[in-house]
Protein chains: 2
Amino acid sequence: DIIAAVKTHFSGPLGRPLSGLHAVVTAGPTHEPIDPVRYIANRSSGKQGYAIAGALAALGARVTLVSGPTHLPTPKDVDRVDVEQAVDMLSAVEKALPADIAVCVAAVADWHVAGENGQKIKKEASGAPPSIRFAENPDILATLSQHPTRRPALVVGFAAETEHVLDHATRKRQRKGCDWIIANDVSHQTGIMGGDENLVTLISADGAEQWAKADKHAVARQLATRIADWFDHRRKDS
Amino acid sequence: DIIAAVKTHFSGPLGRPLSGLHAVVTAGPTHEPIDPVRYIANRSSGKQGYAIAGALAALGARVTLVSGPTHLPTPKDVDRVDVEQAVDMLSAVEKALPADIAVCVAAVADWHVAGENGQKIKKEASGAPPSIRFAENPDILATLSQHPTRRPALVVGFAAETEHVLDHATRKRQRKGCDWIIANDVSHQTGIMGGDENLVTLISADGAEQWAKADKHAVARQLATRIADWFDHRRKDS
């Protein structure tokens, strides 16, 4: 019947080109505890990652959003898993596999505090500051990109840089083994961290492509469309 | 006239016993930057401090709330000054003086990162974690309690403890030179940090007095009433 045909049409490749695909998106900061009351955080608001999760869902993907602590509402039609530390984020991401698409937007802490203190660290009578030892966190983007059995078909990473943005991001893409890196300049001057706009460059095997400065939702829609195009070409090539 | 007399009555000692007095309240966490994207924070939500600022204002005090980063609305009739780091909090508090009452609820970081890095700290090729040096932060409660010229008449501190709560808090009161300490147990089990209830003990020169577990707003009203009583006795004694 006509109604069914129309529904199929718009829920199919044209209206919802990502339907049938599963995307895992990480977003937000991680909080790495120092002791029961203190932690190390970063300035990621989660806005860009949440917008991407919402944009992928709008194009029909089933989306699992693995989120660090944020104050944002869950985007429409997105399954959200809340985590705090990088180790928990990796576990949640691995649990969400298999996935066709992974977009790692979370600003994951590079280190956690080694041997987190079960009690609040007190000021010493001597007044000497504490010494905090760090240990490296798991690298979620590299783990996904180099996964021996369940590598998503398309792995996209983000690189928040304050200097030598293109150079750092290009090397990051090679080092991690991901397909695309979205590089953005988060130096103090740009006001991007926590703000509503983003100025990004997409770096792939084909080169670098700077996008016009835009609202984080517009950047998300542009990326989701590019991801849909990539799967479309892949289907045609195979 | 009768209306003026009624107004005076309810805006005076009975209805608004703190009118004519200025209170400075600190609340929330501080964020101490490590580099442009990372910082050290603590789990204070700011709820208890905001409730106290609101309760003091409701009893007629002029209230300056010096707040670290929170996601809370400013209480009614309260002047709010937003700060991020401990050093900025101290500056804002000193700028707000003179005050009759100081209630230091903020969970001020004991240390800041010495020589904050102007660029994002990168992972080294060696994979070695960075070493972070700390320097002591100003002690806002002690500074106010021992202020040579502008010590508020009543200085109240908070002590968030995870063990030996009474013992630690009693010694904190003596060390800082404040009048009262409100001690609360923030160990993982109590669910107080970030929660809506508080279980507190008021420690003064007269001893320790445990209050019933209550909503943070009820604790705030009880403290504001105790502060009003203290000024009432002081007036009668003089």
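This passage describes a sheet shared by two chains, a helix of chain B and a group of parallel strands in chain A, as seen in a predicted model.

An open sheet of four strands spans chains A and B, with the order 2(A)-3(A)-3(B)-2(B) and antiparallel pairing. Its edges are formed by strand 2 (32-33) of chain A and strand 2 (32-33) of chain B, each of which pairs on one side only. Between chains, strand 3 (residues 38-42) of chain A is joined to strand 3 (residues 38-42) of chain B by five bridges in the antiparallel sense. Within this pairing, A:Asn42 has B:Arg38 as its bridge partner.

Helix 2 of chain B covers residues 47-58. From the first C-alpha to the last, the 12 residues of this helix reach 16 Å, close to the 16 Å expected at 1.5 Å a residue. Helix 2 of chain B is largely enclosed by the rest of the structure, because 10 of its 12 residues are buried. The buried residues include B:Tyr50, B:Ile52 and B:Leu56, as well as B:Gly49 and B:Gly54. Just after the helix, B:Gly60 adopts a positive phi of about 105°.

In chain A, strand 9 (residues 154-161) is mostly covered, with seven of its eight residues buried. Strand 9 of chain A runs parallel to strand 6 (residues 101-104) of chain A, to which four bridges join it; here A:Val156 stands opposite A:Val103. Strand 9 also pairs with strand 10 (residues 180-185) of chain A, in the parallel sense and over six bridges, and A:Gly157 stands opposite A:Ile181 in strand 10. Together with helix 5 (residues 165-176) of chain A, strands 9 and 10 of chain A make a right-handed β-α-β unit.

Definitions and conventions:
Residues numbered from 1 in each chain as written. Chains lettered and ligands numbered in written order. Predicted model: local features only at pLDDT ≥ 70, side-chain atom pairs only at ≥ 80, totals over all residues. Heavy atoms only, no water. Pairing = 2+ DSSP bridges. Expected span 1.5 Å × (residues − 1). Buried < 20%, exposed > 50% of the residue type's maximum accessible area, 1.4 Å probe, protein only. Right-handed = clockwise from strand over helix to strand, strands pointing away.
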